[in-house]
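Trainee: Could you take one part of this model and walk me through it slowly? I'd like to hear about the aromatic rings and what surrounds them.

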Amino acid sequence: MSRTVSSWILSSARSSIILRGKGRCYSIRIPNRNKSKWKLVLSKTCPYPAGSCSLDRTFSFPKAFRHTSTEEEHFSFQLSPSQINDILRAGELSHRTLDLNGKNANSVLRFESNQLASNSPIEDRRSAATCLQTAGMMFGVFDGHAGAACAQAVSERLLHYIAVSLMPRQSLEEIELAVEAMKPVRPILQWHRHPNDVEYQEITSQYFENLRVYWQHLLDLDADPGFSLEEAMICAFKRLDSDISLEVQAPQENELMRNIALQVAFSGATACVAHIDSVHLHVANTGDCRAVLGVREEDGTWSTLPLTRDHNAYDEFEIRRLKREHPRSEEKTLFVNDRLLGILMPSRAFGDVQLKWSKELQHSVLENSCDIEALNIYQYVPPNYHTPPYLTAEPEVTYHKLRSKDKFLVIASDGLWEMLSNEKVVKLVAGHLTELNMQKSPLTFKKPINLGYMHNLLLQRKSKGLASLDQNIATHLIRHAIGSNEYGEVDPEKLAAMLTLPEDLARMYRDDITVTVVYFNTETIEDYYRNH
């Protein structure tokens, strides 16, 4: 990176310059409105002693190559290509779907995922699992704010709530009888996890008990609820958010579990979950994560089909919804500076009880808690807070019947979409598929063959960079999101700079990024239509 660019970045950090608008810093810059989903963040952090309840301490990630100082003599953008790859590929996850006969009879051929932190620790989470009751597969991306606690809890629990909502009454009765008899419970999900994906081990038993209360509630209904998939997803989202709210209000003797419940409820998370069963694709979205379908048209061109809407102040439907739910006297104060009550970017989210509870309930819960400042929980009631709740976790569910021309689904947190448009993402995935196919295809020779001809073929391949191509498409997208220049090409110097920015500066330029790309099995989809 040039001396001029690096000096400008450093001076911005030292002067606490807030970057505004859609301008560019070495070709791409994040708008200031996205610097933090919560406008008010504690500047004070607490050094947690051993045995304390800090989630940041429990779920920390390696900080290789990250600067902790903005002093110029300590600041360098130098990274080797191998170091860049090590950073970008550390969170890679991939899985190929096979049945017992070794053949793929699922409409999901494979999925590839990755994430890159900007916050320390990262506040994004992801989930992927096969639902053993329906044989469908579920994929989720969760974007946390005001800490990682809520995103962590939702990533562990939401897919279970959806699976339980889809189970027939007989299956729920079998599970309940097994629990009563203290017998092993048949698994509900088969998880597909990265080795670094973490769980709240200390609170797993409580999460299970609350899930049990939920299926007992379903069993207490006079008749089998018989939820459609859309109803099941909506019910699961709302029930989990209700449980998050109730858990922090319940008396709790264990201080660690109490503190985790506090951090989960007073932080927040947006969520986008896809359920794929045969040709039936349902996407449930709460907040500003996004799901986009890549479609290959008959003429070979690629088109984009968005399956979600961003729930924020830029969406007219959300503005009208909130105006319907609150008195006319609050119309001008619902969104201030493009934020809900001037505070929060997304208008739907899990947790964030500060925008859901009454003032009295917030005060009652927090005054009986331990040192909330050490937990990074702050007491703040925004102006014009009159008719809560202002925030909901209820998702918007989209159904799409897969066609043979639907090739892949991209689910990602807004850290990707702030950098790349829907169309650019689909174009990158499509181009990556083409390049991978070229890499795997055997060399074709024209006869007669001579050494000079073979040498030219190998040079052509090398010039296209196929040898160093990212095998994981999510990594490819992240590389382009943070490293592309104004021509859409990855600039190695810019990429190195974006990966080595100090922690206190990185968030001004990019957000946490989490990407999952699901590839569809065209043959299976075509077989479905032949048989139906």
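**A close look at the aromatic pairs**

Mentor: Let's start with W215, which is buried, with a relative accessible area of 0%. Keep in mind that we're looking at a predicted model, so every number here is computed from it.

The ring partner of W215 is F208: the ring centres sit 5.7 Å apart and the planes make an angle of 75°, so this pair counts as edge-to-face. The cut-off for that label is over 60 degrees. F208 isn't hidden the way its partner is, because its relative accessibility of 31% makes it partly exposed. So the pair joins a partly exposed ring to a buried one.

Now take Y161 and Y214. Their ring centres are 5.5 Å apart and their planes are at 15°, so here we have a stacked pair. Y161 belongs to helix α4 and Y214 to helix α6 (residues 204-220), so the pair ties together parts that are 53 residues apart in sequence. Both of these tyrosines are buried.

Those two pairs are part of a longer list, as the count comes to nine aromatic pairs. Elsewhere, ring pairs link W302, F408 and Y519 into a cluster.

Helix α4 deserves a second mention. The largest nonpolar core has 60 residues, and the members that touch the most others are L158, I162, V164, F266 and F350. Helix α4 (residues 149-166) supplies the largest share of that core, with 12 residues. There's also a second, separate core of 37 residues, with V410, L420, L428 and A496 among its members. As background, nonpolar side chains in soluble globular proteins tend to be buried together.

Not every buried residue is nonpolar, though, and two asparagines are handy examples. N259 sits in helix α8 (residues 255-266), and it counts as buried because its relative accessibility is 1%. Its C-alpha atom is 8.6 Å from that of I372, a residue 113 positions away along the chain. N119 is in the loop between β2 (108-116) and β3 (124-131). With a relative accessible area of 17%, N119 is buried too, since the cut-off is under 20%. Leaving aside residues up to four places away in sequence, N119 touches R507, D511 and D512.

For helix packing, have a look at α3 (residues 81-89) and α14 (residues 473-483): their axes come within 10 Å and cross at roughly 115°. The crossing of α3 past α14 is right-handed. On the α3 side the contact uses I84, N85, L88 and R89, and on the α14 side T475, I478, R479 and I482. Sorted by class, that contact has four nonpolar, two polar and two charged residues.

Finally, zoom out to see where all this sits. The protein chain has 17 helices and 15 strands, and 54% of its 532 residues count as buried. Among contacts with a separation of 6 or more, residues 24 or more positions apart account for 76%. The tyrosine pair fits into that picture, with its two parts 53 residues apart in sequence.

Key: Residues numbered from 1 in each chain as written. Predicted model: local features only at pLDDT ≥ 70, side-chain atom pairs only at ≥ 80, totals over all residues. Heavy atoms only, no water. Core = buried A, V, L, I, M, F, W, Y, C linked by side-chain atoms within 4.5 Å. Buried < 20%, exposed > 50% of the residue type's maximum accessible area, 1.4 Å probe, protein only. Helix = DSSP H or I, 4+ residues; strand = E, 2+ residues; numbered from the N terminus. Axes fitted to C-alpha atoms, helices over the stretch in contact; angles between N-to-C directions. Left-handed = near helix turned anticlockwise from the far one by under 90°. Contact = heavy atoms within 4.5 Å. Nonpolar A, V, L, I, M, F, W, Y, C, P; charged D, E, K, R; others polar. Phe/Tyr/Trp six-rings, centres within 6.5 Å; stacked < 30°, edge-to-face > 60°.
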